[in-house]
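This report considers a predicted model. The surroundings of a DNA strand are taken up before a contact between two chains.

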There are 4 protein chains.
Amino acid sequence: MDFEEVAPDNLTPDEDTERLRGRPRDPAIGDSALAAARELLAEVGWDKTTMVAISERAGVGKPALYRRWPSKTHLVFEAVFGWVDESPPVADATDPEEWVRASCNYTLELFAKPEVKAALPGLLSAFAERGDLPSTLWSEFGGPGIAMLAQMLNRGGGDADAMRDAQATMLFIVGGTMVLRMLMPENDSAPLVERMPDILLHGVAPKEQKDT
Amino acid sequence: MDFEEVAPDNLTPDEDTERLRGRPRDPAIGDSALAAARELLAEVGWDKTTMVAISERAGVGKPALYRRWPSKTHLVFEAVFGWVDESPPVADATDPEEWVRASCNYTLELFAKPEVKAALPGLLSAFAERGDLPSTLWSEFGGPGIAMLAQMLNRGGGDADAMRDAQATMLFIVGGTMVLRMLMPENDSAPLVERMPDILLHGVAPKEQKDT
Amino acid sequence: MDFEEVAPDNLTPDEDTERLRGRPRDPAIGDSALAAARELLAEVGWDKTTMVAISERAGVGKPALYRRWPSKTHLVFEAVFGWVDESPPVADATDPEEWVRASCNYTLELFAKPEVKAALPGLLSAFAERGDLPSTLWSEFGGPGIAMLAQMLNRGGGDADAMRDAQATMLFIVGGTMVLRMLMPENDSAPLVERMPDILLHGVAPKEQKDT
Amino acid sequence: MDFEEVAPDNLTPDEDTERLRGRPRDPAIGDSALAAARELLAEVGWDKTTMVAISERAGVGKPALYRRWPSKTHLVFEAVFGWVDESPPVADATDPEEWVRASCNYTLELFAKPEVKAALPGLLSAFAERGDLPSTLWSEFGGPGIAMLAQMLNRGGGDADAMRDAQATMLFIVGGTMVLRMLMPENDSAPLVERMPDILLHGVAPKEQKDT
DNA sequence: CTATAAACGAGACGGTACGTCGGGTCTTCTG
DNA sequence: CAGAAGACCCGACGTACCGTCTCGTTTATAG
């Protein structure tokens, strides 16, 4: 996840010694700002999650925010997805079924978080403006998992086929859970949640049932 | 789709006679405003789709817009999703396979429209503010198709199971195509598009392949 | 006062018979509209004296107002000054002193009316846009009185001198009372009011008092 | 003239040190805004003197204006009358006659300025809404001059009488010149202008002339 | 007794100004 | 030089009013 590295001031001078001139940035500021952004997103939604509001809740000045992130979108993006790749969600899956179930659970949890739901509008906005972001996010977020699944699926067929199926599966998992969380009330989604992995694994209209 | 009926002035008085007082609203204004909104969304994106820009392109005054929709969000929502249920996308499907392929094509086309992609951020924002919208949209948009699929799937099992599977399938179709369109560049999505219906129909990890 | 005659539709066809076709205008509408305008001016001031507010209070439609007056300014103008020249305020004055005292009392009363005070801003606006109005108003409002005073003042000197003095006197009376009413609280203006005519009649610095 | 002190944010905290936090307001902005307002009033009149027009001509953002004045009326008020008491207009008068002539000239010039004439409607509006403004303006604008005249008039009589006469005289000068400038075309006002001070000084109907 | 013509109440329409608010940048002072 | 405070520009939002227009209805005269 290097979304935030597009923005920062072009510091990083040639000399390491030069880097330490002046007052160092307070590392606590970044954390409290991200936390404040998450809280506000969950509490008041995207529109009212103002830069000023974030700065006030974090006890921080607005310029300090813009010194770290080039826009509100970048800040929120990191606040919501910045912890990705800390723990690979399906690191210990050994077969496709396990992988699919784990991935579903993970994304279902992810999109159940109120701050994630609230952040989506702004993030989609950013996608519309910057075409490179989506693919970056996709490869960072889904890349490793897709590769793992592709390897597990690669039973005889070529690599290309397995990769294609793995990508489509990830697409369905992410999209399906996202839409589920956005459109359906929390309470009556339980039976659906249980059934989703099965459909992905075995299809909604298995061939063998057609014969009987 | 009755989103727009939430907003308008509480007309629909008890008496039909009361309704005809005063100059009637010009029905052409609503249409041209919606068309202008769609065009602007596709051309300049969400942010620059201003109420003033819409009113200018539609040859209409700003108050005329606010008489019909209480906010920009409501207008755009209807502009993008207001034509739903005009033509059921899968009316002529006779078996699940046909249904799935037709639905995939339909939603893939839908989310390929630039105005739909541009409108999504604002619409998700609206969802956050008005919890009733999502479920309304869901039932209007997917309801009929889901019911049809459920009927086709109902081979022996109870209605509840078929309904559940149909809902999950729709979830995957809508979500998967949406994420595909939002995250992936148009050009290299072709092989994926071809494979998606197959996965939904037969699963990524068919049981019979496991045995061999 | 023919301010309102600028507006009416250019009816007045050649034939008197043609004039009476169609439904005649309801004469009560004009009166109730003027009364409503006066009340609103006195109660809520110029800004909130809306055409809609006038029409509602008068129980009348907005087009009925615009059929009679071409603008809000014209309506308010007539509402406030339309009754002028009904009764010449100084008709029975026999000498300059009497004339000055009567005129002062009259204008003091006039500018004490809340609707007159409230109407002044809009009227001044109209003056700025239409240069002919002020002189019209001046000649209608002050003309007869000025002529009368000029005649009384014409003791030996030429007509021009007397006319000049009469005009200046009227100017002082109107302007002085207007400013008094606009700028000073009602309560502590009593002593001033008593003294004003004397100054106009005999001056602030009479010559004979200087000698003693 | 402290009209503008009503509006600003309730700064002036207890501590002077608190006042210097944050970026200080650019003092040039206020001046250029006032100048722009004066120019626009003179050129295009009250109605077209828009806040946006002022901000554009001053090269300033609209919020910067609203930071300084709470409304267009306040801004224009200060633009037109903000320079009062910079130079007492009759500082060097030694007798009533001189004082009256100087005051007449001063106010005649004042109300001849196009920006002053254009601003009057809005200002009268402001008076209607804020009752304290008129008396403030009156005391600031006329106070010193009135006091000076009262002292010159105080020949034997009590202070109260002289003060009363001085006030009435000021009322006549201000009101008379204002009405003159508002109602009469510039060109044929010359003879009146010459005669006005004489009437104020000696009256229209001097007693000694009656005898002869 | 019907036809015509105009006025009527209601309210939509285009245009435009208002005052507010958010994003992102810049400028001061303090630590 | 980082940081907090806050002023700055830009521009969109939603509201209100003005003066015009279009409805369908009512009321008068004309034939």
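Around DNA strand E there are 46 residues, of which G22(B), G61(B), G22(C), G61(C) and R23(D) come nearest. Several helices each supply at least two residues of the surface near this strand: α2 (51-58) and α3 (62-68) of chain A, α3 (62-68) of chain B, α4 (62-68) of chain C, and α2 (51-58) and α3 (62-68) of chain D.

Chains C and D also meet each other, with 51 residues of chain D in contact with 51 residues of chain C. On the side of chain D that touches chain C, at least two residues each come from α1 (27-48), α5 (96-110), α6 (114-129), α7 (132-153), α8 (159-183), α9 (190-202) and α10 (207-211) of chain D. The most is given by α8(D), with 15 residues.

Within the model, α9(C), residues 159-183, packs against α9(D) at an angle of about 70 degrees, and the two axes are 9 Å apart. The two helices are therefore roughly perpendicular to each other, as angles of 65 to 115 degrees count as such. From α9(C), the contact involves R164(C), D165(C), Q167(C), A168(C) and T169(C); from α9(D), it involves P191(D), L192(D), R195(D), M196(D) and I199(D).

The residue classes are set out below.

| Region | Nonpolar | Polar | Charged |
|---|---|---|---|
| Surface near DNA strand E | 18 residues | nine residues | 19 residues |
| Side of chain D that touches chain C | 32 residues | 10 residues | nine residues |
| Contact of α9(C) with α9(D) | five residues | two residues | three residues |

Key: Residues numbered from 1 in each chain as written. Chains lettered and ligands numbered in written order. Predicted model: local features only at pLDDT ≥ 70, side-chain atom pairs only at ≥ 80, totals over all residues. Contact = placed C-beta atoms within 7 Å. Helix = DSSP H or I, 4+ residues; strand = E, 2+ residues; numbered from the N terminus. Nonpolar A, V, L, I, M, F, W, Y, C, P; charged D, E, K, R; others polar. Near = placed C-beta within 6 Å. Axes fitted to C-alpha atoms, helices over the stretch in contact; angles between N-to-C directions. Parallel < 35°, antiparallel > 145°, perpendicular 65-115°, else oblique.
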